[in-house]
Structures are given as structure tokens and as C-alpha cells.
Amino acid sequence: MKARIQLDPKLVVSIVYVAAMFMVSMDGTIVNVILPTISKEFNIEPSSTSGINVGYLVSLAVFLPVAGWLGDRFGTKKIFLVALGVFTAASLLCGFANNLQTLNLFRVLQGAGGGVLTPVGMAILFRTFSAEERPKVSRSLVLPIAFAPAIGPIVGGFFAEQLSWRWAFYINVPFGIIVLLFGLLFLKEHKEPATGRLDLPGFLLSAAGFSMLMYALNIGPSKGWSSPVIMYTGFVGLVFVCSFVLIELRVNKPMLDLRLLTDRLFRTLGIISLFSMAGLLGLLFVFPLMYQNATNATPLESGLATFPEALGLMVASRMMPWTSKKLSIHQVIWIGLLLTTMIFSLISIVGPTANSWFVRVLLFSVGLCLGHTVVAVQFSTFTNITSASMGRATTLFNVQNRIGSAFGVAILASILGAVGNGFVETSGGAPFNLESYQFALFGSAVFLIIALLFALSLRKEDFKAVISKQVTPKPSHIEPVIRGRE
């Protein structure tokens, strides 16, 4: 009789989730820095490469809302592994692409896998760990949530300069295969018996509405918001989304359960997360561009300049147990946002040409302060959500964050194009519009101010469920899991 290897289910889920989400999160930023290299190899205009990202984001928007239903209906293990397999295979195909058309097609396939993978993986995670365990495990969540997007430009820049842009996609393949086999052997299946049929009207409206909105948000800054294509696409997409919301509030088994927003804690923390991601992804979009244009830095050098932000996030994740003992959770959230807003404003004033170590300290401080907010929001958002609703809740949370990220980048890109004064001379002697980048960076701070206003509405009593569970924790069988990730 063959002996079967037994592993702690929580260790398995932690490894599988963090590794898979790290791949997906890094893919969102690693591609940005290789687009100029792709345009040169395919002998096309740089503007033509925008479809590489737009196709991915549109596909993501189509499949993200239905992910929760798929996991509940067919099993979270099965759907998670299928989505991971699609994402990994698409990554390999992207690396083999020999023209822009096939690369765009494979990026759409990659977006489909990534759109399903993220919410289903989060549902598995939060069903596995109880509310009292989530503060500890959330320390590991910083890796895929915030560290991966920051390291993406460094990895992409290195591949573009030293190897080939194709390795930005190939890098996903070995990790994807390892995680796929590990999950196949050790993950446990979970299905919800009362899932119901697919909300087909909701799926069709969400697929059309969110994809059109995502297209308009990403193409609008380059084409211009007054472009008939952008205005028509954005307006029709908005109409579809509004119709989708009305339908979802009326059906018994909605695909995207908007009734979960009646829970005040889930609703408020979701909004805080939305605007926090808009600000953070906006900074990670604007600052590297400003740094490259002002100092004539390479993509790799630009990525290294922003990397201290990721280190700050890692330090914040380790400080959270101590910080949450000294302060209540709602104080951690709003103080982190307040300090980050001040730092964003300071970065927008000093610009990229200040002392390089001073800029690195500021970016490290961004990660340190905002990291506290991110971790606190992450483990508190689903406190009042039942296991049966977890799949729909994580889907809704991820839809909000994805829209927030796209909205933040789109608005800041529009600011860059709209502000046309304030030219200064760069280190290479070329004119550089510093003022437009400063306005854009200040715009990212405005997103955090909005998040701060919602954070100030939180009270200590809102987190009494989290606090009570932390006071009387269960016997700790999670520590090996955390140590395994450290």
C-alpha cells in the first residue's frame, strides 16, 4: 500500500496562493517596460503596442465577475487549477509569438486565466484561514499584492536589456507548472451546494460593460477623451454596467452579489482599497516615466529607483503584529493613509532630480506607511462574510480593485497629456515637462485623500469581531505556515 504524503492544508494553500498571485500581479507591470523593445522587433509604431495591454485588461474584465460563480459551481480547486493552466500556457504562447496579432490574441487568453485565478484563489485562502488567523497570514499577502507589481519593472527591464523581451512571459512557465502540480496533488476541493444556474443576463451585461469601460479607460488618455470612439465606448459601457447593477439587485442568485455591500465594514474597506490601489498603481505608473525622462535612465534603472517602495511594504508586513497591538485597526488604516498622502505630495514637489537617496527614502516610506493600510484592510474586509458567500465577496472585491487601478492610471495619464507647460532641461539636454508629472503625482495623492475620508468614518466598534477573535485565538497551527513563507 502506497503511503500518501500529508501536508498541512494551510501550508498548501499559502504556497499555492502566494506563488500563483505573484505571477499574475507581476505580469501586470512587467510588460509595460518591454513594449518599446517589442515595437522595435516587430517594426511597428510604439503606439501600436497598446493593444498588448488593452487586450489583456479587457479579457480580465470579462472573466473576473464570473469567477466566483465558476468556483462555487464546479469547485474552487478545479477552476483555480484550470485558470492557472490557461495563464501558464498563454504565457508560453506569448513568448513564441512572431507578430503583433498573435501576441495580442495570446494576451487575451492570458487575461482570461488571470481574471478567474485571482478571486478564486482569494476565496480558497479566506475559506481556509479563520478570521483570527487572517492577520498573521495577511503578512504573506503583501508579496503578491504589492511587492510583485514593484519588482515587475526591474525583471522586465533586465530581460529587455540582457536577454529578450520573450523571457518576460517565459518566466511564468516553470513556476506555473510547479504550482499546478503541487496544487493538483495537495489542494482540497470545495463546492457550494446552493450555487444555482449561471446568471446569463448578468454575465452578458457585465462582459460587455466592464470590457468597454476598461477599453475606454486605457485608450482614452492616448486617443483623447473627446474621441468619438472613446465617448461612444465609454458611454455604452457605462449604460451596460448600470443595467447590470439593476439586474443583479433583483435576481435571487446574482453572479456579482452587490447585496454584500450592505455590510458596512465590507463596503467601506472595499472603497478604501479601491482608491488606495488607484493611488499606488498611479504612482508606480507615473514615477518611473518621470524618472526615465528626467534622468535618461534605462527601464531597469527606473525599476530599481522605485524598488525601495516594495522593501517598505515588506517591512510594514512584519511590523503589523506590533503596530496592531499599539493602535486599533481603524487607526492603523487612517494613519497609514494620512502619512502616505503627505509623502506622495512631497514626492510631487521634489521631483526625480533631487538627491537620489532622499528619493529612495521617500519611496521606502510610501511602502512602509501604505503597507500598514493594505495589510489591515486585507485581513479585515471579509470579517463578516460567511464561507458560503466568500467566493462572491472576493470576486466583488477584486472587481472593485481592478476598476480602481485602471481608473487611477487613466486619470493620471490624462493629466500628463493635459498639462502642457513647465518645460525644463533634462540631464541629456532635452526639454522635459516636469510640471505635468508633478500634477499627475499630486493626483495620485488625491486618490489617497478620498480613501482617507472613508477611513475616518471607521470606528473601533466596527472591528470588534476581529478584536474579539484575536483576544482568544485558537491553538496555533498556523505558525508553521507563516514560518514556511518567511
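A residue counts as buried here when its relative accessible area is under 20%. Keep that cut-off in mind as you open this predicted model: of the 486 residues of the chain, 56% are buried.

**The whole chain**

Start with a cartoon view of everything. You should find 19 helices and 2 strands. Now think about contacts between residues at least 6 apart in sequence: 83% of them join residues at least 24 apart.

**Stop one: α1 and α6**

Select residues 9-30, which form helix α1, together with residues 100-128, which form helix α6. How do the two helices run relative to each other? Their axes come within 10 Å and cross at roughly 150°. Angles over 145 degrees count as roughly antiparallel, and α1 and α6 are therefore roughly antiparallel to each other. The crossing of α1 past α6 is left-handed.

Next, show the side chains where they meet. On α1, pick P9, K10, V13, Y17, A20, M21, V24 and D27. Across from them on α6 are R107, Q110, G114, L117, T118, G121, M122, I124, L125 and T128. Colour this contact by class and you get 10 nonpolar, 5 polar and 3 charged residues.

**Stop two: α1 and α5**

Keep α1 on screen and add residues 76-96, helix α5. These two helices pack at an angle of about 40°, with axes 12 Å apart, and are therefore oblique to each other. This crossing of α1 and α5 is left-handed. From α1, the contact uses V16, A20, M21, M23, V24 and D27; from α5, it uses F80, L84, F87 and T88. By class, the contact of α1 with α5 has 8 nonpolar, 1 polar and 1 charged residue.

While you are on α5, click on A90, which belongs to this helix. Is A90 buried or exposed? A90 has a relative accessible area of 0%, so it is buried. Setting aside residues up to four places away in sequence, A90 touches F106, L109 and Q110. You can also draw a distance from A90 to L105, which is 15 residues away along the chain: their C-alpha atoms are 9.3 Å apart.

**Stop three: A67 in α4**

Now go to residues 67-74, helix α4, and select A67. A67 counts as buried, because its relative accessibility is 0%. Which residues is A67 in contact with, leaving aside neighbours within four places in sequence? They are G115, V116, P119, V120 and T395. For a distance to display, try the C-alpha atoms of A67 and T118: these residues are 51 apart along the chain, and the atoms are separated by 8.5 Å. You have already met T118, one of the α6 residues that meet α1.

**Stop four: α12 and α15**

Select residues 264-295 for helix α12 and residues 356-380 for helix α15. Begin with α12 by itself. At 1.5 Å a residue, its 32 residues should span 46 Å, and its end C-alpha atoms are indeed 46 Å apart, which agrees. This helix is mostly covered, with 24 of its 32 residues buried. Just after α12 comes N296, which has a positive phi near 55°.

Then bring α15 back into view. The axes of the pair come within 10 Å and cross at roughly 155°, which makes α12 roughly antiparallel to α15. The crossing of α12 past α15 is left-handed. To see the contact, show L265, L269, I272, S273, M277, L280, L283 and F287 in α12 with V359, L363, V366, L370, V374, V377 and S380 in α15. By class, this contact of α12 with α15 has 13 nonpolar residues, 2 polar and no charged ones.

Zoom in on S273, in helix α12. With a relative accessible area of 9%, S273 is buried. Beyond residues up to four places away in sequence, S273 touches V377, F397 and N401.

**Last stop: E461**

Finish in the loop between α17 (434-455) and α18 (464-471), where you will find E461. Is E461 buried or exposed? At 53% relative accessibility, E461 counts as exposed. For a final distance, pick the C-alpha atoms of E461 and H330: they are separated by 9.4 Å, with the two positions 131 residues apart along the chain numbering.

Terms used. Residues are numbered from 1 along each chain as its sequence is written. This is a predicted model: local features need pLDDT of at least 70, side-chain atom pairs count only at pLDDT 80 or more; totals for chains, interfaces and linings use all residues. Side-chain values use heavy atoms; hydrogens and water are left out. Axes are lines fitted to C-alpha atoms, for helices over the stretch in contact, and angles run from 0 to 180 degrees between N-to-C directions. Helices (H or I, at least four residues) and strands (E, at least two) are DSSP runs, numbered from the N terminus. Angles under 35 degrees count as roughly parallel, over 145 as roughly antiparallel, 65 to 115 as roughly perpendicular and the rest as oblique. A crossing is left-handed if the near helix is turned anticlockwise from the far one by less than a right angle, and right-handed if clockwise. Contact means heavy atoms within 4.5 Å. Ala, Val, Leu, Ile, Met, Phe, Trp, Tyr, Cys and Pro count as nonpolar, Asp, Glu, Lys and Arg as charged, and the others, Gly among them, as polar. The expected span of a helix is 1.5 Å times one less than its number of residues. Buried means under 20% relative accessible area, exposed over 50%, partly exposed in between (1.4 Å probe, protein chains only).
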